[in-house]
Amino acid sequence: MNLPGDDVGTTRTPTPARYAPGGITFARLDPALLADEAHVLPLVKDWTREELYAVAALFSQEAGRRDDAELLALLREWNPTWEGSEPDAGKAEFVTDSNGDSVRWSEESYYIHRADGSVTEFEFPEEGEDDEFAEQDERFTELLATRSRVDLPVHGAHLFVDLKTGVFTVEGPNAL
């Protein structure tokens, strides 16, 4: 590539742009920069509300996708029962619970839909039986709470997670 001031035939290899510490480096955004109001607000001062909402929605969707993937992995780990080549547990179901003025997906209303058509309530181990499960259970509760805040459920709705395909669906009142 010839640049102004170069002799004809001189070729330069483009190098990635380097920015100030905490900025964009090699096309990777530094999360600490994005979380720092003093750095970010001047960068976006000329953006429209629509542009700001679009970027916020993108980040929220990506966080939700990662939370759903983590929740799915936990559900699959907790339901590893196999019959032949197909999993015995086909779907996980959560029902909403009303807590005063708010509605949330309840970890206490967790059901397993089996391949034979039966539905059973998930049996959590007794407290103190399995320390690894206790840690997973805490994260599981956090993931359901986050999903309730981000994707507001309506009282009486049911959240289904297909353990084979990983598809999350909501059924019931006001489901979209």
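**View 1. Glu62 and Arg66 pair up along helix H3.** Glu62 counts as partly exposed, because its relative accessibility is 27%, in this predicted model. Its partner here is Arg66: the two side chains meet in a salt bridge, with 2.8 Å from N to O. Arg66 is exposed, at a relative accessible area of 54%. Both residues belong to helix H3, and because they are 4 residues apart there, about one helical turn separates them. As background for this view and the next two, side chains of opposite charge can pair when their charged atoms come close.

**View 2. Arg139 and Asp67 bridge two helices.** Here Arg139 forms a salt bridge with Asp67, and the closest N and O atoms are 4.0 Å apart. This pair links distant parts of the chain, with Arg139 in helix H4 and Asp67 in helix H3, 72 residues apart. How accessible is Arg139? Arg139 counts as partly exposed, with 29% relative accessibility. If you widen the view a little, you will find a network of salt bridges that links Asp67, Glu70, Arg139 and Glu142.

**View 3. Arg147 reaches Asp68 from helix H4.** In this close-up the side chains of Arg147 and Asp68 meet in a salt bridge, at 3.0 Å from N to O. Arg147 sits in helix H4 and Asp68 in helix H3, so the pair links distant parts of the chain, 79 residues apart. Is Arg147 buried or exposed? Arg147 is buried, with a relative accessible area of 13%, and buried means under 20%. For the wider picture, the count of salt bridges comes to 10.

**View 4. Phe94 and Tyr110 stack between two strands.** The structure holds 4 aromatic pairs, and this is one of them. A pair of aromatic rings is described by the distance of the centres and the angle of the planes. For Phe94 and Tyr110 the centres are 4.8 Å apart and the planes stand at 25°. Why does the pair count as stacked? The angle of 25° falls under 30 degrees, so the pair is stacked. Phe94 lies in strand E3 (residues 89–99) and Tyr110 in strand E4 (residues 102–114), so the pair ties together parts that are 16 residues apart in sequence. Both Phe94 and Tyr110 are buried.

**View 5. Phe94 also pairs with Phe140.** Phe94 and Phe140 form a tilted aromatic pair, at 5.9 Å centre to centre and with 45° between the planes. The pair links distant parts of the chain, Phe94 being in strand E3 and Phe140 in helix H4 (residues 131–150), 46 residues apart. Phe94 is buried, at a relative accessible area of 0%, and Phe140 counts as buried at 0% too. Stepping back, ring pairs link Phe94, Tyr110, Phe122 and Phe140 into a cluster.

**View 6. Lys91 lies over the face of Phe160.** This view shows a charge over a ring: Lys91 is 5.7 Å from the ring centre of Phe160.

**View 7. Phe59 takes part in a nonpolar surface patch.** Leu29, Leu34, Leu58 and Phe59 make this patch, which covers about 370 Å². Phe59 has its place in helix H3 (residues 49–78). How accessible is Phe59? Phe59 is partly exposed, with a relative accessible area of 45%.

How values were computed
Residues numbered from 1 in each chain as written. Predicted model: local features only at pLDDT ≥ 70, side-chain atom pairs only at ≥ 80, totals over all residues. Heavy atoms only, no water. Patch = residues over 30% accessible without salt bridge, like charges linked within 9 Å, V, L, I, M, F, W, Y side chains within 5 Å. Areas by Shrake-Rupley, 256 points an atom, 1.4 Å probe, with all protein chains shown as cover. Buried < 20%, exposed > 50% of the residue type's maximum accessible area, 1.4 Å probe, protein only. Phe/Tyr/Trp six-rings, centres within 6.5 Å; stacked < 30°, edge-to-face > 60°. Lys NZ or Arg CZ within 6 Å of the ring centre and 35° of its normal.
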